[in-house]
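Me: Please introduce this structure through a short series of questions and reasoned replies.

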Amino acid sequence: MVFTVSEKGLELRKTVEEISGQNIFQCYQCGKCSAACPVVDSMDMAPNKIIRFVQTGDLEVLDQNTFWVCAACFTCSARCPRSVDIAKIMEALRNVMLRNKQDFINIYSKEFIEKMIEEIPQMAIVAAIKKGVW
Amino acid sequence: MEYPYYPGCTLKTTGKKDEEAALEVAKLLGFELKELPTWTCCGVVYNLTSDVMADHLSATRTLIRAQEMGRELKTNKLVTLCSMCYNVLKQVNLMYKNNPDKLYNINLFMDTEEDYLGNIEILHFLEVLYNDIGLEKIKQKVKTPLKDLKVDPYYGCMLLRPKTIAFDNQDNPHVMGDILSALGAIVIENPMTVECCGAHQVITNKEAVLDCVQRIVNISQSKGSDVIVTPCPLCQYNLTTAQKSLFQKGKINYQTPVIYLSELLRIALSDNNENYLKEYMFIKDKLEKRGGL
Amino acid sequence: MAEKNQIPLVSVFIMGKEYKIPSGLTLMKAMEYAGYRYTRGAGCRAGFCGACATIYRLKNDYKLKSALACQTTVEDGMYLVQLPFTPANKKKYDMEKLNIAHNALLKEYPEIARCISCNSCTKVCPQELKVMDYVQASLRGDIEKAAILSFDCVQCGLCAFRCPAEITQYHVGQLARRLNGKFVAPKAIHTEDAVAKVNTGVTKKEISKLKSLNASEIKDLYKKRSIE
């Protein structure tokens, strides 16, 4: 089977590899990351599939919620038999979006302000903002 | 023994109980946690990209504060109570050890501060208890053994992952369990002990947190735990509030109390624990059942 | 003219154009000496209002420095521009509806969670406030500390210009001081007492007497006042 990867797809793959410092082709699609992921149920696309899409330079990968849902718990990275730091790849994908001025959350939106109920620890707010706003 | 101590923002607000208890436990065990005179937020989440340095500034500034205080106290240690602070500070510190050029650059940028030399050692409160104080000493100091109390030590992610910063076995941690056993409690083995609670997704994707917590609590409850013990203020918040929602939705039958390890330590170690027990009647009931407090 | 020539002249670049300015003038006077006219941004000319925030560099120095134009004198080789206005995000809030929960400030200005502790704000502050420290205090919900640390702020807006996290520090500090005044600081009982006293009408007679005086009589009275 022959893949043709678009110019933009190649660029995306290169950017993800640069930002994450990971060799994306280390992944051999065993799926352990997806099996271990505690929040995989809320994801549009499982983590291993995300990596496959980056390998093949499929730009659809950027429309998925997967990397925004990622809680950066490092379980995937701990489980990977090929030592791919998947958490770093998710961070790279977040950064591709954020650096393209596409924030995940609008901190001035009503929904966001409403979430800031009195008991919520600041660490949750800061973490969400650090991950979802450029 | 005095340790420089970095609280972090949450321990000053929603996690206040943890700090109060830990400071007292330290005193009871014969050491002191000395808060850094000034400190900034640690950044909460470690920036995982290879090219963004700005997000490491907060942690680095804290490391410099620790370096200053360490000179005074003649130590290179910095103790944290919060798991996320521990994780971020230790990862940033490690990043500098592996990339001296990055440390050089950041020192150049922070031209109003003294240079960070990269020598600070980040410790979690648990490590101090386990390694520096030791189980034997803790055992000796117990005033009210927590006999018959079934505890489920819940670590969460940030103390044990990534592997480079873990102070305990990554998949099968024992430090917290050992400390709780030393207090006389019955420690339950929960395979979900290193599972994520959903962390900051509580802001953007609360459903995911409910799922995570349900899995953790289901096993904990099926093993008959009386209380879930955690060292992390975000885990404490997520586990407590998610259980409330799950209970209202009928997805769990009852709510297991989630308390900080430091609070249990304080109950077991202090001479007069009446006040602390007032808040946790279920522990008092349990302890009274076996005859006399 | 002869007198003027005795004062040494220095080279100052205002928005890129070189002017010879007598040394010893303030930046604001230098601008006027060079022919600029202030319609906005002159303010109090006494270092209190923060209207004349200015940034400059010195020759062979990489540092971007900052000052209030009315408080700083010219130096040779200065490159400067005065910032006429800070586009800043100022929230509208109802003080009656606010509280001092730990995230009270975060709720109004969630961008403070973006602070990366780069310290740019502290470095730029012409009042030499510890701006980063009060932003951090705000983040951790320490309203009292934020209010105390930001107390001498003149709202010039330089911090907001430099902030990579796009925080408007001076508005955050202002809210902290307002919350501190309303909820934390002890009530000014003597002021309340004085207001109550005024309301009873005891001062009416004295005021009407003052009103009936002419200007020179008032001056006389002022000169004769008792001074502590």
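Me: How many residues of domain 1 of chain C are in contact with domain 2 of chain C?
Reply: The model is a predicted one, in which local features need pLDDT of at least 70, side-chain atom pairs count only at pLDDT 80 or more, and totals for chains, interfaces and linings use all residues. Residues are numbered from 1 along each chain as its sequence is written, chains are lettered from A and ligands numbered from 1 in the order in which they are written, and side-chain values use heavy atoms, with hydrogens and water left out. Chain C is divided into domain 1 (8–82) and domain 2 (95–184), with bounds from an automatic or database domain assignment. Contact means heavy atoms within 4.5 Å, and eight residues of domain 2 of chain C are met in this way by a number of residues in domain 1 of chain C that comes to eleven.

Me: What area is buried between domain 1 of chain C and domain 2 of chain C?
Reply: The C-alpha centres of these two domains of chain C lie 28 Å apart. Buried area is the accessible area (1.4 Å probe) that two parts lose on being put together, summed over both. Carbon and sulfur atoms give 63% of the area between the two domains of chain C, which is about 660 Å².

Me: Which three residues supply 65% of the area that domain 1 of chain A buries against domain 2 of chain A?
Reply: Chain A is divided into domain 1 (7–102) and domain 2 (105–134), and 24 Å separate their centres, taken over C-alpha atoms. Between these domains of chain A, about 490 Å² is buried. On the side of domain 1 of chain A, the three residues that supply more than any other three are Arg94(A), Leu98(A) and Arg99(A).

Me: Why is H3(A) oblique to H6(A)?
Reply: Helices (H or I, at least four residues) and strands (E, at least two) are DSSP runs, numbered from the N terminus. Axes are lines fitted to C-alpha atoms, for helices over the stretch in contact, and angles run from 0 to 180 degrees between N-to-C directions. Angles under 35 degrees count as roughly parallel, over 145 as roughly antiparallel, 65 to 115 as roughly perpendicular and the rest as oblique. Helix H3 (residues 47–55) of chain A and helix H6 (residues 86–99) of chain A have axes 11 Å apart, and H3(A) is oblique to H6(A) because their angle is about 60°.

Me: Which residues in H6(A) meet H3(A)?
Reply: From H3(A), the residues that take part are Pro47(A), Ile50(A), Ile51(A) and Val54(A). Their partners in H6(A) are Ile86(A), Ile89(A), Met90(A) and Leu93(A).

Me: What area do chain B and chain A bury between them?
Reply: In this pair, 44 residues of chain B are in contact with 41 residues of chain A. Carbon and sulfur atoms account for 65% of the area buried between chain B and chain A, which is about 3400 Å².

Me: Which residues in chain B supply 30% of the area that chain B buries against chain C?
Reply: Contact joins 14 residues of chain B to 13 residues of chain C, and the two chains bury about 1300 Å² between them. The three residues of chain B that supply more than any other three are Thr13(B), Arg61(B) and Asp111(B).

Me: Where does Ser83(A) lie?
Reply: Ser83(A) has a positive phi of about 55° although it is not a glycine. Most residues other than glycine have a negative phi. The place of Ser83(A) is the loop between helix H5 (75–79) and H6 of chain A.
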